[in-house]
Amino acid sequence: DEPAPHTGEFADPVTGIVVPARLDYVHTPGRAQSAYIKALEERRTVGERCPSCRKVYVPPRGACPTCGVATAEQVEVGPRGTVTTFCIVNIKAAHTANLDIEVPYVYAHIALDGADLALHGRIAGIPYDQVRMGLRVEPVWSEGARHVDHYRPTGEPDADYDTYKELV
Ligand SMILES: [Zn+2]
């Protein structure tokens, strides 16, 4: 019985496979990000001010991308901030840590008070269809972890568009 050569045609070809994957990273944060991460341990958010344009970068990268100069002056920002823009998420994330988050939920750009760069965060404690630009929010920290779980409304009046329009 001689094996017949294959034609290359399959009646039921495999078109995809699902494979669990995990990627572990070793990250060396450097001077500026180390200060940022250390401050998070105390539930503080620290950025750095550019000596030239005076903008405060959060998280700090150690240099101003506009002026091309090193930043060194540390500035504490927040904890409160303003929603500058947002989206409503309707797809349940496959990420294990997000499995308990019901959709739809809101993910927003938040300009912490004193910061000239918006960071990202989930908004909770308010119906998703009531989140709006200018909404004032404060962080709710994760128990036993050095990161913010989500932001919730402070109850303050909304911020004027002029106060955050450069950060949208
Ligand atoms: Zn600058």
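Four donors around a metal count as tetrahedral if all angles lie between 85 and 135 degrees. In this predicted model, the zinc ion is coordinated by four sulfur atoms, the SG atoms of C50, C53, C64 and C67, at 2.3 Å. The angles subtended by the four donor atoms run from 106 to 112°, so the arrangement around the zinc ion is tetrahedral.

Along the chain, the donors of the zinc ion follow the spacing C-x2-C-x10-C-x2-C. The pair C50 and C67 links distant parts of the chain, the two residues being 17 residues apart. C50 sits in the loop between β1 (45-49) and β2 (56-57), whereas C67 sits in the loop between β2 and β3 (73-77). The ligands can also be described by their accessibility. C50 has a relative accessibility of 0% and therefore counts as buried. C64, at 2%, is buried as well. C67 has a relative accessible area of 31%, which makes this residue partly exposed. As for cysteine pairing, the count of disulfides comes to zero.

The loops around these strands hold several backbone features. R54 is in the loop between β1 and β2. Its phi is near 70°, a positive value in a residue other than glycine. The relative accessibility of R54 is 45%, so R54 counts as partly exposed. Before β1, the loop that follows α1 (30-41) contains R43. The phi of R43 is also positive, near 55°, and R43 is not a glycine. With a relative accessibility of 39%, R43 counts as partly exposed.

Two peptide bonds to proline are cis. One joins V58 and P59, with omega about -10°, and P59 is placed in the loop between β2 and β3. C67 is likewise assigned to the loop between β2 and β3. The other cis bond runs from G78 to P79, with omega near 5°. P79 is found in the loop between β3 and β4.

The path then leads to strand β4, residues 81-89, where I88 lies. Not counting residues up to four places away in sequence, I88 touches P104, Y105, V106 and Y128. A further relation concerns V103, which is 15 residues from I88 along the chain. The C-alpha atoms of I88 and V103 are separated by 8.7 Å. I88 has a relative accessible area of 38% and is partly exposed.

The last stop is an aromatic pair. A pair of aromatic rings is described by the distance of the centres and the angle of the planes. Rings pair if their centres lie within 6.5 Å, and planes over 60 degrees apart count as edge-to-face. By this rule the count comes to one aromatic pair. The ring centres of Y161 and Y164 are 5.4 Å apart and the planes stand at 85°, so this pair is edge-to-face. Both tyrosines, Y161 and Y164, belong to helix α2 (residues 161-164) and are three residues apart, about one turn of the helix.

Are these two tyrosines, Y161 and Y164, buried or partly exposed? Y161 has a relative accessible area of 46% and is partly exposed, whereas Y164, at 5% relative accessibility, counts as buried.

Definitions and conventions: Residues numbered from 1 in each chain as written. Predicted model: local features only at pLDDT ≥ 70, side-chain atom pairs only at ≥ 80, totals over all residues. Heavy atoms only, no water. Phe/Tyr/Trp six-rings, centres within 6.5 Å; stacked < 30°, edge-to-face > 60°. Helix = DSSP H or I, 4+ residues; strand = E, 2+ residues; numbered from the N terminus. Buried < 20%, exposed > 50% of the residue type's maximum accessible area, 1.4 Å probe, protein only. Disulfide = S-S within 2.5 Å. Donors = N, O, S within 2.8 Å, 3.2 Å for Na, K, Ca; no water. Tetrahedral: all angles 85-135°; square planar, octahedral: opposite > 155°, others 65-115°. Contact = heavy atoms within 4.5 Å.
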